[in-house]
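Let's take a walk through a protein together, one stop at a time. Have the structure open and follow along.

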Amino acid sequence: MKQNIRKVLAALVLAVSVLGLTACGNTASVEEQSMYDKEQLQSVADYLITLWTSMPEEEITQYASMDKEDAQMLIDAYGLPFTGDSFISAFAGYEGSMEELGAYVSTDGYEEPEIKGDEVTFVADLTYENRTAKLSLVFNRRGTVESVTLDPKYSTGEILKKAGMNTILGMGTVFIVLIFISLVIYCFNFIPGNEAPKQEAKPAPKPGPAKRPAQRPAVQPKENLVDDKELVAAITAAICAYTGTSSDGFVVRSIRRAEASTWKRA
């Protein structure tokens with residue numbers, strides 16, 4: 001695998017040197033040339049496109065799965081203007097889009113480099129068999145590619161279709177999980193000993209009529225009527241008149257109230 005990679009890289013390094021990636025021999029620094037020379041940025045983009053189109057699918061897969069240390073070793077050995085991560089991600093991104101893009105057709109043009117701080121973003125418009133795409137490369141001040149992005153362009157119908165599928169899959173997953181949780185909770189009812197024995201609720205007794213406490217007959221306090229002298233004198237006089245005798249022959253010692261029925265009989 002390493003021998004095949006080295007052969008391909010050796011051939012492409014030669015092509016890159018022809019395109020002008022090597023030093024130009026002037027007094028300007030490498031940083032200034034890399035930052036503002038559009039032709040050099042364009043040559044790196046063309047180099048990567050050529051690399052993709054010239055390799056069979058098996059070798060692209062090998063580059064996409066390459067170890068970072070091996071990639072950095074090849075980059076250092078052949079002087080490629082990439083970091084290890086950007087080199088591997090470039091092939092991984094192209095491998096993931098190969099089926100949707102189809103065969104390479106043409107490069108339609110290049111956008112003006114966009115400079116932000118110490119980085120320059122260079123974009124190439126590409127046409128493939130199935131759709132168009134944009135290749136974006138981000139360079140640092142030393143002219144090394146730090147990231148590579150291949151962005152296929154989709155129609156409005158394709159975007160809506162993907163959005164609808166994502167919505168259906170998301171909502172469907174949520175409902176399936178909720179149904180599964182409901183079934184699990186329902187199955188708990190069939191697990192023996194899971195619930196405490198249910199006690200039959202006894203109906204509460206209906207309240208009956210309130211019982212009134214038995215009324216006790218009021219106890220009449222005993223009256224000491226002997227102390228009432230007027231009453232004693234009146235009763236004595238009545239007895240004497242009834243019997244036709246004098247009060248000297250008897251003495252009233254006690255007086256008790258008779259029941260009402262006795263007076264009625266009298």
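A residue is called exposed when its relative accessible area is over 50%, buried when that area is under 20%, and partly exposed in between. Keep in mind that you are looking at a predicted model.

Start with Arg142, found in the loop that runs between strand E4 (132-139) and strand E5 (145-152). Its relative accessible area is 58%, so Arg142 is exposed. Now look for Asp118: it sits 24 residues away from Arg142 along the chain, and the C-alpha atoms of the two are separated by 9.3 Å.

Next, move to helix H6 (residues 84-101), where you will find Ser97. Is this residue, Ser97, buried or exposed? With a relative accessibility of 8%, Ser97 counts as buried. Leaving aside residues up to four places away in sequence, Ser97 touches Leu150 and Pro152.

Helix H4 (residues 57-64) is our next stop, and here Ile60, Tyr63 and Ala64 are buried. Imagine looking straight down the axis of H4: the buried residues fall within an arc of 100 degrees, so they line one face of the helix.

Finally, let's turn to cysteines. How many disulfides does a search of the whole structure find? The result is zero. Two cysteines are still worth a look. Cys187 has a relative accessible area of 42%, so this residue is partly exposed. Cys240, at 13% relative accessibility, counts as buried.

Methods
Residues numbered from 1 in each chain as written. Predicted model: local features only at pLDDT ≥ 70, side-chain atom pairs only at ≥ 80, totals over all residues. Heavy atoms only, no water. Buried < 20%, exposed > 50% of the residue type's maximum accessible area, 1.4 Å probe, protein only. Helix = DSSP H or I, 4+ residues; strand = E, 2+ residues; numbered from the N terminus. Arc of directions from axis to C-beta. Contact = heavy atoms within 4.5 Å. Disulfide = S-S within 2.5 Å.
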